[in-house]
2 protein chains.
Amino acid sequence: MPSGGGLPARRKTAPTISDVAALAGVSTATVSKSLNGRTGISPATRAKVVAAAEQLGFRSSAIAQSLLSGRSYTVGLITNDSFGRFSIPVMLGAEDALQAGQIAVLLCDGRDDPIREQHYVRTLAARRVDGIVVTGRRADPRPPVTLDFPIPVVYAMCESTDPRDASILPDDEQGGRLAVEHLLATGRRSVGHVTGPSDFRAVRLRTAGATGALARAGLELAGGAPLHGPWSEEWGRQAATILLRAQDDLDAVFCGSDQIARGVAEGLQAAGRKIPGDVALVGFDNWTVMTDACRPPLTTVDMNLPLVGKRAAETLLAAIDGRASSGTELVPCRLVVRESTRV
Amino acid sequence: MPSGGGLPARRKTAPTISDVAALAGVSTATVSKSLNGRTGISPATRAKVVAAAEQLGFRSSAIAQSLLSGRSYTVGLITNDSFGRFSIPVMLGAEDALQAGQIAVLLCDGRDDPIREQHYVRTLAARRVDGIVVTGRRADPRPPVTLDFPIPVVYAMCESTDPRDASILPDDEQGGRLAVEHLLATGRRSVGHVTGPSDFRAVRLRTAGATGALARAGLELAGGAPLHGPWSEEWGRQAATILLRAQDDLDAVFCGSDQIARGVAEGLQAAGRKIPGDVALVGFDNWTVMTDACRPPLTTVDMNLPLVGKRAAETLLAAIDGRASSGTELVPCRLVVRESTRV
DNA sequence: TAGTCGTACGAAAACGATTTCGCTTGCTTT
DNA sequence: AAAGCAAGCGAAATCGTTTTCGTACGACTA
């Protein structure tokens, strides 16, 4: 017995299937079949092989497997929202669904730079990824990533201008409807709407959902039109003043973001209105940092971002599996009720 | 000429080096040498090969290269801060530095679950990653990831209990010192300190930096001791009241987070103090959502998180390259001056 | 005892790229 | 004109795994 035979020698390279075969006294084919549960191996041999693999700490090389199978069991995830508040939950949802499908995720921070994105696409191509997920928060549909090889691409939280591409988006219109229907159900009748810049498609959709719900109740927006401004608390404070001046009987406000809603809350309270006693308030995003810091805690619309990521992953997995789909899928939003709309 | 000869036929699999060789009428060895800039190839042959590769859209398979070189040019990135505010900038900093070194990043969301983390480590082992970065926001040093194979690991924004491991952390103590030195330099003398739970090591370090700087000026904390509470604005509001009651001549507050600082600002203003006229205020994190929403905008300490990620990546690259290091490296913080401390 | 059949295992090819080493050319030199 | 030499290119091995196909051996049957 060699000295120090108790522990296997520290190797610089990982043990290979040949090492296992040599230790077990069988061929590499037998090792492969034993460890992968193939038939035609006697229980005794299988046990011997398993013991040898265990002893060496053998793990089959995914690289060699990929070379043989032609699949890398890897997808690229290109993100374009470096601020991260929206795309991170999407990314994590996608990562979770993909790793459940035994697929690893290569992270690429595109930074909204087409050159950089193109560079990543080339890298991903060289790595023979099975597919690509593109995430990002954008005002409008984006041009598709250009690839000169046929692998599936799914867009999450952003939409491709090519209708043949698959895109997954939150259902902003349904979210706006949810918010207003909740306000109407709790007895409100004069609903204002303070939101972000009108060149965001999501803003227009949420407004459409809100006004649609009002119209079905025979109502229209307090003040007649939505108030557009920047995505800031400061804008919310200003807008509260504007709204109250335009519509004295205001009893509810639906806001395009939780940040704006918090500003509106402060503005309303500074004008002496009680929330939810005088005016009910609904935000958008379910950004808990804002909803919980708001006094009172804010009722809001949650876009189910992890679910958006999950659906994107599932769509991609299906496409990799040959069941490609196209067009835009909308993931429903969900209302989270807190103090700001209590009756 | 075959019909449709203008465009190459749509292939299901990517072109291989053999395809290029066949089209160029040379061997695969010549193709490899031509495309990789090796010597011993005539300009004419090289041009022919390049043209053929171009025509087919050939990209060398990273998988085959990995199998041969024994390196995957990939690292695993295990994150444990699903909240994301802290580890995302670190991740992106690391990703940027790694991709500049031609290394791809496999994303793994550990979710603070050791089982899940162990699962990822096994996956990464099978994929033969060149190294692993572990990020996470933790109160205290964490047990190292256990791997039965020798690849380098670097901890970013968290510290391993094994002193032989390399960890990269922001220099919280220096950050605390920076904040207080700035307050002293602008003429403040009665400095309070409102911060998070004392079981966070970062909290204790920031406090130590702050009290050290005060001590060198012959001063101590207003109220005698730091005020510990949850990481919330609500706590900041309460703490402002407590501080004012304990120390009427209070003229500055250093806060353990921007969120707390915003609460303190509201509390102070509710008590009639002007910022920065009566009391100067410094936060921590440079979380612009908070610093910009605060009135007035908040002076704060920035932990240079992308730099932490970058240093982690560089440390890992060095270790992969055989130049391993160990121990904890502190990345200095940076003061960002805004209205809340204007003189 | 000879023939047949089924089971258990091994040899070898395959995946796609790189590299070493040797062979063929064509040119220069004496 | 023969020999030497360098440049240019190709054959083949290699990386680690899976799979196909062939082979050997044991047992059972006639």
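These are my notebook entries on a predicted model of protein chains with DNA strands.

**Entry 1. Domains of chain A**

I started with the domain assignment. For chain A it gives domain 1 as 17-60, domain 2 as 72-170 + 305-332, and domain 3 as 172-304 + 336-341. I then looked up the spacing of the centres of domain 1 and domain 2 of chain A, taken over C-alpha atoms, and found 39 Å.

**Entry 2. DNA strand C**

I listed the residues around DNA strand C and got 29, with A:T30, A:K33, A:S42, A:T45 and B:I17 coming nearest. Sugar or phosphate holds 66% of the strand C atoms within 4 Å of the protein, and bases hold the rest.

Which elements supply at least two residues each to this surface? I found α2 and α4 of chain A together with α2 and α4 of chain B. By class, I noted eleven nonpolar, 13 polar and five charged residues near strand C.

I then went through individual contacts to phosphate oxygens of strand C. For A:T30, a side-chain N or O atom is 2.4 Å from a phosphate oxygen. For A:S42, the atom concerned is a backbone N or O, at 2.7 Å from a phosphate oxygen. From chain B, I recorded B:S32, with a side-chain N or O atom 2.9 Å from a phosphate oxygen.

**Entry 3. DNA strand D**

I repeated the search for DNA strand D. There are 27 residues around it, and A:I17, A:L68, B:T30, B:K33 and B:T45 come nearest. Of the strand D atoms that come within 4 Å of the protein, 65% are accounted for by sugar and phosphate.

At least two residues of the surface near strand D come from each of α2 (28-35) and α4 (62-69) of chain A and α2 (28-35) and α4 (62-69) of chain B. Helix α2(A) gives the largest share, four residues. The classes are ten nonpolar, twelve polar and five charged.

For contacts, I checked three chain A residues. A:S32 has a side-chain N or O atom 2.8 Å from a phosphate oxygen of strand D. A:Q65 places a polar side-chain atom 2.8 Å from a phosphate oxygen of strand D. With A:S60, the partner of the side-chain N or O atom is a sugar or linking oxygen of strand D, at 3.4 Å.

**Entry 4. Helix α12 of chain B**

I checked the length of α12 (residues 305-320) of chain B. At 1.5 Å a residue, its 16 residues should span 22 Å, and the end C-alpha atoms are 23 Å apart, so the two agree. I then asked which residues of α12(B) are buried. They are B:L305, B:V308, B:G309, B:A312, B:A313, B:T315, B:L316, B:A318 and B:A319. Just after α12(B), B:G322 has a positive phi of about 95 degrees.

**Entry 5. Cysteines**

How many disulfides does the structure hold over all chains? I found zero. A:C158 is in none, and the nearest cysteine sulfur, that of A:C108, is 14 Å away. A:C158 is buried, with a relative accessible area of 4%. B:C255 is also in no disulfide; the sulfur of B:C294 is the nearest cysteine sulfur, at 9.1 Å. B:C255 has 0% relative accessibility and so counts as buried.

**Entry 6. Backbone exceptions**

I kept the general background in mind: most residues other than glycine have a negative phi, and most peptide bonds are trans.

I noted two cis peptide bonds. One runs from A:I275 to A:P276, with omega near 5 degrees. A:P276 is in the loop between α10 (258-270) and β9 (280-284) of chain A. Another runs from B:R295 to B:P296, with omega near -5 degrees. I placed B:P296 in the loop between α11 (288-293) and β10 (299-302) of chain B.

I also noted positive phi values outside glycine. A:N304 has phi near 55 degrees and lies in the loop between β10 (299-302) and α12 (305-320) of chain A. Is A:N304 buried or exposed? Its relative accessible area is 14%, so A:N304 is buried. B:Y73 has phi near 50 degrees, and its place is in the loop between α4 and β1 (74-79) of chain B. B:Y73 counts as partly exposed, at 35% relative accessibility.

Conventions. Residues are numbered from 1 along each chain as its sequence is written. Chains are lettered from A and ligands numbered from 1 in the order in which they are written. This is a predicted model: local features need pLDDT of at least 70, side-chain atom pairs count only at pLDDT 80 or more; totals for chains, interfaces and linings use all residues. Side-chain values use heavy atoms; hydrogens and water are left out. The expected span of a helix is 1.5 Å times one less than its number of residues. Buried means under 20% relative accessible area, exposed over 50%, partly exposed in between (1.4 Å probe, protein chains only). A disulfide is a pair of cysteine sulfur atoms within 2.5 Å. A residue is near a molecule or strand if one of its heavy atoms lies within 4 Å of it. A polar contact is a pair of N or O atoms within 3.5 Å; within protein, one must be able to donate a hydrogen and the other to accept it, and residues adjacent in sequence count only if both atoms are side-chain atoms. Ala, Val, Leu, Ile, Met, Phe, Trp, Tyr, Cys and Pro count as nonpolar, Asp, Glu, Lys and Arg as charged, and the others, Gly among them, as polar. Domain bounds come from an automatic or database domain assignment.
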